[in-house]
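Please look through the structure shown here. The paragraphs after it take up a sheet with its helices, and then two residues in turn.

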Amino acid sequence: MTRTFDPADAQLQTQTLLEKIQSYTGPPISVMEVCGTHTVAVARMGLRPLLPQGVKLISGPGCPVCVTPVETFDKAIYLVEKGVILATYGDAMRVPGTRTTLADARANGGRVEPVYSALDAVKLAKANPDDQVVFLGLGFETTSPTAAHAIMVAGRENLENFSVLCAHKALLPAMEALVADPQMEIGAFLCPGHATMVIGSDVYKPFCEAHRLPCVVTGFEAQDVLLGLLWILRQAKEGRAEVENAYPRAVDAQGNVGAMKMLATVFRPADARFRGIGVLPGGGYELKEEFAHFDAETRFLAGVEVESREPAGCMCAEVLRGRIEPSQCPLFAKTCTAENPVGACMVSSEGACGAHYRYRGV
Ligand code: SF4
């Protein structure tokens with residue numbers, strides 16, 4: 001069953017919501033906030049220390065840059081060194097590859113262009129007809145339809161110098177992997193408003209029913225996060241496990257049908273490697289045959305071996321699985337800081353380590 005918004009809850013102010021959460025008397029529960037934007041919101045609010053005994057928030061693997069494996073960045077850097085123009089989101093620029101970062105490759109003369117969207121990369125290809133432009137596509141279903149759209153546009157315009165290094169991920173398989181982890185006891189999921197705006201809240205129903213876990217979709221303002229958490233606690237206390245949508249101003253049951261159609265036109269589900277989690281069946285997307293000529297892997301990386309390893313001592317793998325808090329990594333706030341990050345989870349604006357570091361005094 002999917003419950004939707006209760007108008008009475010909309011009237012509750014932040015303080016009231018927090019007090020209701022703090023008066024929780026149900027069973028102990030660990031709630032995973034799947035997505036990095038929620039992790040940042042929770043850290044910025046200083047919510048964790050305010051939670052009642054028995055209620056724990058765990059940061060999950062939903063930061064797109066963080067779950068992108070190191071070998072993807074190594075491949076992107078290899079392409080830059082081979083002379084392509086590499087376009088990607090700004091957050092990806094400082095993520096450490098094995099030898100260097102895209103930002104450093106750029107400082108050394110490589111052509112790396114930060115873009116706000118995949119379509120910007122198409123524009124870059126049109127503006128540079130004598131160069132190959134590769135878009136490094138990252139993220140869950142919030143961004144993958146935009147990559148699909150860009151590829152469709154490039155196809156219509158017969159752009160032969162545009163391709164995509166696809167590192168897009170699928171949300172549900174990541175949640176399945178977290179639930180299957182014997183070291184984790186996740187009691188509920190706070191589901192991301194932005195990705196769910198695209199995939200629709202109904203997609204959580206089979207997952208919710210199969211695992212008997214509450215899944216509440218919510219937004220990113222303090223009031224949204226608190227309302228989502230309150231609804232999870234209500235379910236826990238009442239012994240319910242349902243999909244609830246606490247973000248109806250942006251999310252509905254079906255999602256963005258047009259965006260999902262574009263995604264399905266260009267991509268098909270494929271196994272994908274997540275940093276720290278490993279290869280997940282159906283965990284990502286690959287280009288369909290009819291769009292294979294836009295695949296940077298087949299065009300430029302067939303037979304290329306890049307040597308990849310995680311930064312020494314970095315525990316991003318454990319952080320991304322929710323097995324440890326960032327502060328439990330021995331490097332946290334010592335050799336690894338926002339100013340001098342060691343791992344991806346500290347670099348990204350949505351990374352758990354970065355969020356915990358920036359707001360550690362809140
Ligand atoms: Fe990696 Fe730094 Fe986070 Fe430790 S604190 S897990 S080194 S990103």
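In this predicted model, helix α5, made of residues 70-81, lies across four strands: β4 (85-88), β5, β6 and β7. Relative to β7, α5 runs at about 165°. Helix α8 (residues 144-156) also packs on the sheet, where it touches β6 and β7. The direction of α8 likewise makes about 165° with that of β7.

The sheet under discussion is open and has four strands, in the order β5-β4-β6-β7, with parallel pairing. Strands β5 (112-114) and β7 (162-168) stand at the edges; each has a single partner strand, so one side of each is left without a neighbour in the sheet. From one strand to the next, the twist averages 20°. Strands of a sheet pair through backbone hydrogen bonds, in either a parallel or an antiparallel way. For β6, which covers residues 133-139, the pairing with β7 is parallel and extends over seven bridges. One point on the β7 side is F162, the bridge partner of V133.

Another strand, β8 (residues 188-192), contains F189. Is F189 buried or exposed? Its relative accessibility is 0%, and because buried means under 20% relative accessible area, F189 counts as buried. Which residues does F189 contact, once neighbours within four places in sequence are left aside? They are M32, V34, M175, L178, V179, F207, L213, P214, C215, V216 and I232. As for distance along the chain, F189 and L229 are 40 residues apart, while their C-alpha atoms are separated by 9.2 Å.

The second residue is S59, found in strand β3 (residues 55-59). With a relative accessible area of 8%, S59 is buried, because that value falls under the 20% limit. The side chain of S59 takes part in polar contacts with two other side chains. With the side chain of E33, the polar contact is at 2.7 Å. With the side chain of R48, the polar contact is 3.0 Å. Not counting residues up to four places away in sequence, S59 touches M32, E33, T39, R48, V319, G322, A352 and H356. Residue M32 thus appears among the contacts of F189 and also among those of S59.

Definitions and conventions:
Residues numbered from 1 in each chain as written. Predicted model: local features only at pLDDT ≥ 70, side-chain atom pairs only at ≥ 80, totals over all residues. Heavy atoms only, no water. Pairing = 2+ DSSP bridges. Helix = DSSP H or I, 4+ residues; strand = E, 2+ residues; numbered from the N terminus. Axes fitted to C-alpha atoms, helices over the stretch in contact; angles between N-to-C directions. Contact = heavy atoms within 4.5 Å. Buried < 20%, exposed > 50% of the residue type's maximum accessible area, 1.4 Å probe, protein only. Polar contact = N/O pair within 3.5 Å; in protein donor to acceptor, adjacent residues only side chain to side chain.
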